[in-house]
Amino acid sequence: MVVNVAFGHTNMDPDCFGSLVFVKKLFPDYVLVRSRLIHPVAYTLYDFFESYFNFIEAVDMERETIENIIVVDTSSSARIQEYLGHIHASNPDITIYDHHPAERCDIFGARRVGFSLGANTSGLGRIARERGIRLESEEATIALTGIYADTGCLIYENVKPLDMEIAAWLLDMGASLKLVKSFLETIKEDEQVRVLNRLLLDVRPVTIQGNEILVSYLELDRQVSGLAAVVDKIAGVKNPDAYFAVFFIPGKNTALVIARSQKSRIDLHELLAPYGGGGHQAAASAKLTVEDGRQFYDNFQAYLERSLAPALCAGDIMSRNVFSINEDRSLLEASKYMEQVNHTGLPVLNGAGELTGFLTLKEIMKGRKNSQMNSPVRSCMIRKVISIPPETTMREIERLFFRHHIGYLPVMRNNELAGIVSRGDYIRSKIGPDFAGGGISGSAETGNAAEE
Ligand SMILES: [Mn+2]
């Protein structure tokens, strides 16, 4: 028999299932093929909707002549190998619908429809929406689970407006948020809870090159499934720049590293490559055979010390072109100067060039109200200035801004004003590496951030 088939990557996850819902709607004559393994995150979803998908097994394809293949959520031949091995004696047409980077596509002869979206489900959803397709509420629930799973409930950096649009459209068609939530609840097993509790106590903060890192070491008497979900949870609660969890199963001489990163500068895929691991920049893992788990843990920490890139610090993001004012100038002069340089705050220096205070629009307005415009800056400025050395990390900068409700942090090197970090500098450097590293000196900050 001639058959058309569709499948997702090996170890199918919610985004695969969400994508396949749309494949069913868009290409009703395609038969869906199940992967040998289902990703633990998708267990409940799969259990619940198994009959809806009506999957065949990969081995069932051996009897058929496969004419057309649709692949969803991967462009890598390695991740569909388990299916390809069962397709014999036919020369099928392959179409890929995928949201992973195109350069990783190595499925020969395939036509590829690429999406630059947080979830692959959103891309297929857009096509379905354009064709006027409607979903039953169960179908919308599966699809929304797919989008939520791949986008961290629409909060990861990969999220595009279209992911949100399709999510809203699915909700409109009756997707159940209650069900989505229960499908995505990843910590269900008692064993996971036990590991979670132990890790919460055991996890150790270390600062490496200014990065706030968490590490933990735990010995298990056997393999526990869903460890990645536990690691995710810890990373979510403790909020480090990166978390490296090392597990060791003595009976099997197996070490497992599961890592999560919240910083684009910490690329876990690259970091774990020497250990035969991999994944993504933000989430990766490695499994190794080792004799001594403790020893491995020590070596691994030493490896991190050597390998982690220095964290972004004040010296990287500060504006170097600092406008300052002498404390003997009048408030009127200061206000004119501020207007001229288009700044809302200025460091105040004494004759020796030392930082003695800070002046913002607020003090000028106060001075104007009290007819003090001819008084020296010295008499009106903020005297308790919080300044920082150039090595101050982004985390510390963030804490200072929020704890003290200030808009500027003068950067001092050897008692000399080297630069200034404004809230704008801070936010720009957070938005992306392209914005970091200055080049924005002298930019105007709107309003005095101290007021916000
Ligand atoms: Mn995906």
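Start by selecting Ala6 and Leu32 in this predicted model: Leu32, in β2, is the bridge partner of Ala6. Widen the selection to the two strands, and you will see β1, residues 2-7, running parallel to β2 and joined to it by three bridges.

Next, select the whole sheet, which is open and is formed by five strands in the order β2-β1-β3-β4-β5, with parallel pairing. At its edges stand β2 (30-32) and β5 (111-114), and because each has a single partner strand, one side of each is left without a neighbour in the sheet. If you look along the sheet, the twist from one strand to the next averages 25°. Add helix α4, residues 120-130, which packs on the sheet and touches β3 (65-72) and β4 (93-98); the direction of α4 makes about 110° with that of β4.

Return now to the edge strand β2 and pick Val31, which is found there. Is Val31 buried, partly exposed or exposed? With a relative accessible area of 27%, Val31 is partly exposed, because that value lies between the 20% under which a residue counts as buried and the 50% over which it counts as exposed. Leaving aside neighbours within four places in sequence, show the residues in contact with Val31, namely Val3, Asn4, Val5, Ala6 and Ile56. A distance label between the C-alpha atoms of Val31 and Ile69 should read 9.5 Å, although these residues are 38 apart along the chain.

From here, move to the manganese ion. Which residues coordinate the manganese ion? They are Asp15 and Asp73, each through OD, His99 through NE2, and Asp150 through OD, at 2.1 to 2.4 Å. Along the chain, these donors follow the spacing D-x57-D-x25-H-x50-D. Keep Asp15 and His99 highlighted, since this pair links distant parts of the chain: Asp15 sits in helix α1 (residues 14-26), whereas His99 lies in the loop between β4 and β5, 84 residues away. Asp15 counts as buried, at 0% relative accessibility, and His99, at 13%, counts as buried too.

Finally, zoom out and colour the protein chain by its division into domain 1 (2-184), domain 2 (190-307) and domain 3 (315-451). Select domain 2 and domain 3, whose centres, taken over C-alpha atoms, are separated by 41 Å. Where they meet, six residues of domain 2 are in contact with four residues of domain 3. The area buried between domain 2 and domain 3 is about 430 Å², and carbon and sulfur atoms give 31% of that area.

Technical notes
Residues are numbered from 1 along each chain as its sequence is written. This is a predicted model: local features need pLDDT of at least 70, side-chain atom pairs count only at pLDDT 80 or more; totals for chains, interfaces and linings use all residues. Side-chain values use heavy atoms; hydrogens and water are left out. Two strands pair if DSSP finds at least two bridges between them. Helices (H or I, at least four residues) and strands (E, at least two) are DSSP runs, numbered from the N terminus. Axes are lines fitted to C-alpha atoms, for helices over the stretch in contact, and angles run from 0 to 180 degrees between N-to-C directions. Contact means heavy atoms within 4.5 Å. Buried means under 20% relative accessible area, exposed over 50%, partly exposed in between (1.4 Å probe, protein chains only). Donors are N, O and S atoms within 2.8 Å of the metal (3.2 Å for Na, K and Ca); water is not among the atoms, so sites may look incomplete. Domain bounds come from an automatic or database domain assignment. Buried area is the accessible area (1.4 Å probe) that two parts lose on being put together, summed over both.
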